[in-house]
Amino acid sequence: MQIEIIQQNALTGRPSAVIGASPGHLGSAVAQQSLRSILSFCNAPQMNAPEAYIHVTPGLIGPDGEVTVESTEEFLRTFMQRFLEFTTRVLTVLPRPD
């Protein structure tokens with residue numbers, strides 16, 4: 001007897017990306033690893049590159065919410081552009097979950 005398990009949840013087929021910020025250089029690495037395992041279990045396609053570990057330092061985010069370090073701002077813009085491209089590819093290939 002074959003048992004077919006259909007995994008349905010809010011994340012099934014939804015594009016995902018993981019990014020983290022901490023006061024240490026790689027402080028969010030373990031948390032990201034755990035989250036990636038959960039996303040995998042939930043059948044959420046993951047953008048695996050670029051990986052993003054933001055080192056939060058005093059003044060990185062201004063009082064208005066703007067990123068004050070140009071290289072970090074550029075990295076975040078690139079990350080979001082790549083996530084948009086990834087999302088477009090995933091949603092073009094995979095049928096949308098109901």
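In this predicted model, helix H2 spans residues 70-93 and carries both Glu73 and Arg77, which sit four residues apart, or about one turn of the helix. The two side chains form a salt bridge, with the closest N and O atoms 2.8 Å apart, and the structure holds just that one salt bridge. On the solvent side of things, Arg77 is exposed at a relative accessible area of 53%, while Glu73 comes out as partly exposed at 25%. As background, side chains of opposite charge can pair when their charged atoms come close.

Helix H2 also hosts some ring pairing. The count comes to two aromatic pairs. One of them joins Phe75 and Phe79 in a tilted arrangement, 6.3 Å centre to centre with 35° between the planes. Both of these residues lie in H2, four residues apart, so about one turn of the helix separates them. Phe75 is partly exposed at 29% relative accessibility, whereas Phe79 is buried at 4%. The other pair, Phe83 with Phe86, is stacked: 6.5 Å between centres and 25° between the planes. Phe83 and Phe86 are three residues apart in H2, again about one helical turn, and Phe86 is buried at 10% relative accessibility.

Phe79 and Phe86 turn up again in the largest nonpolar core, a set of five residues that also takes in Met47, Ala52 and Val90. H2 supplies the largest share of this core, three residues. Nonpolar side chains tend to be buried together in soluble globular proteins. Setting aside neighbours within four places in sequence, Val90 is in contact with Gly13, Pro15 and Pro45.

Note on methods:
Residues numbered from 1 in each chain as written. Predicted model: local features only at pLDDT ≥ 70, side-chain atom pairs only at ≥ 80, totals over all residues. Heavy atoms only, no water. Salt bridge = Lys/Arg side-chain N within 4 Å of Asp/Glu carboxyl O. Helix = DSSP H or I, 4+ residues; strand = E, 2+ residues; numbered from the N terminus. Buried < 20%, exposed > 50% of the residue type's maximum accessible area, 1.4 Å probe, protein only. Core = buried A, V, L, I, M, F, W, Y, C linked by side-chain atoms within 4.5 Å. Contact = heavy atoms within 4.5 Å. Phe/Tyr/Trp six-rings, centres within 6.5 Å; stacked < 30°, edge-to-face > 60°.
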